[in-house]
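Look for the open spaces in this fold. Which residues line them, and which elements supply those residues?

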Amino acid sequence: MVSDTLAGVLASRRALLNQRVAEARHQQPGFDTAAFSAFVGDTLDAVCGAVQAVDPLATGAAVEAAFEIGLTLVGQGLAGPKARLPWVDRAWKQLAASIARLIAQAPTETLGTVTNAVVRLSSVRGVRVEEWIDTMRALAGRCAALDELRALGALCAWRAGMAHLREPALVQADRLDPALASAALGAPDVPWAGLRERLAADRWWNPSIGAVDAQGQTLGGFSGMDGPFAVPPAIRAGTGHFVAESAGRHFLLMADAFGAVVLPAAANEFAQADAAAAPGVAITPRGGSVGGREIAFAVPGDRMQAVGRADSVALFSPWSHHVRIVPARA
């Protein structure tokens, strides 16, 4: 059952919307009309109700735009009850009230921004999509324009584990109200100017705890268990990242206080990276000692290695598909 509001909108545009469904069935063989109907009654209804609450005159156009986007998403298996992942439906429903005014102003662009964000987030292993949705739900209502929503989304994505967004997210944060930028990174009581300077200077400083976690991040894993590495990787230090080689494939490893990611890389990036052992690192029964700080890494110490940059050290072993990246100093 759909709400009376959505039922009225659908009835007023029945011919047009039925034509859109017919086109989708023609263009996407096997299009699941039952799944799409469920999407309309659940996800689209939430969007309709949110827009109706803030701008009734915009509801019809918003529903029409969301209907068309939904046809594509359901056809691609990204939304509806048979979606491969739950994030698009969850984001639309949970963020609808917070971003209702933006949906009313620019429905296609706003819903497209949210959709693209969660699809991208869910494509990177280890990123905390649920955390992104929760943070955006709490803060997105403070965005007066779509470019602010996108900037906020980038900051929240970085905080949710997209370590490779650190520098562009800081640049985008300058578009936001300073108090909103601080809140997005978990430090609502810290003035943005000082917070930004500290974050730019130290990738390992976590504003939510006001300190550096010396234990850093663990990433990687065996490809047979949804990890990236077919065999234990060899690691080298690049500029602002590490580069891994495993069974002839190459990867960028990026980590900071908020999370860690493994991304594709080219062979020449590995060839140009530094294989020299990191200074000041000792292998211990528990893992390693970096600058006198014990780092827990549950792999045999035999043949464990460490490579490093000015701010980070990577511990790795021929007996493990995982890599530990930690701060080079406290």
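In this predicted model, the second largest pocket holds about 320 Å³ of space. Its lining counts 18 residues. Nearest the centre of this pocket lie A117, R120, R150, G153 and A154. Helices supply this wall. Helix 7 (107-122), helix 8 (129-139), helix 9 (146-159) and helix 10 (166-173) are the elements that each give two or more residues to the lining. Helix 7 gives the most, with 6 residues. What is the chemical make-up of the second largest pocket by class? Its lining has 12 nonpolar residues, 4 polar and 2 charged.

Now turn to the largest pocket. Here the space comes to about 470 Å³. The lining is made of 24 residues, and those closest to the centre are V124, R125, G126, V261 and V262. Which elements give two or more residues to this lining? They are strands: strand 3 (217-220), strand 6 (249-256) and strand 7 (259-264). Strand 7 makes the largest contribution, 6 residues. By class, the lining of the largest pocket splits into 10 nonpolar, 10 polar and 4 charged residues.

Set the two side by side. For the second largest pocket, the elements giving two or more residues are helices 7, 8, 9 and 10. For the largest pocket, they are strands 3, 6 and 7. The class counts can be read the same way. Nonpolar residues number 12 in the lining of the second largest pocket and 10 in that of the largest. Polar residues number 4 in the second largest and 10 in the largest.

Note on methods. Residues are numbered from 1 along each chain as its sequence is written. This is a predicted model: local features need pLDDT of at least 70, side-chain atom pairs count only at pLDDT 80 or more; totals for chains, interfaces and linings use all residues. Side-chain values use heavy atoms; hydrogens and water are left out. On a 1 Å grid over the protein atoms alone, a cavity is a set of points where a 1.4 Å probe fits but cannot get out, and a pocket is an open set with protein on both sides within 12 Å along at least five of seven lines; lining residues have an atom within 4 Å of a point. Grid points are joined across faces, edges and corners, and a volume is the space filled by probe spheres set on the points. Helices (H or I, at least four residues) and strands (E, at least two) are DSSP runs, numbered from the N terminus. Ala, Val, Leu, Ile, Met, Phe, Trp, Tyr, Cys and Pro count as nonpolar, Asp, Glu, Lys and Arg as charged, and the others, Gly among them, as polar.
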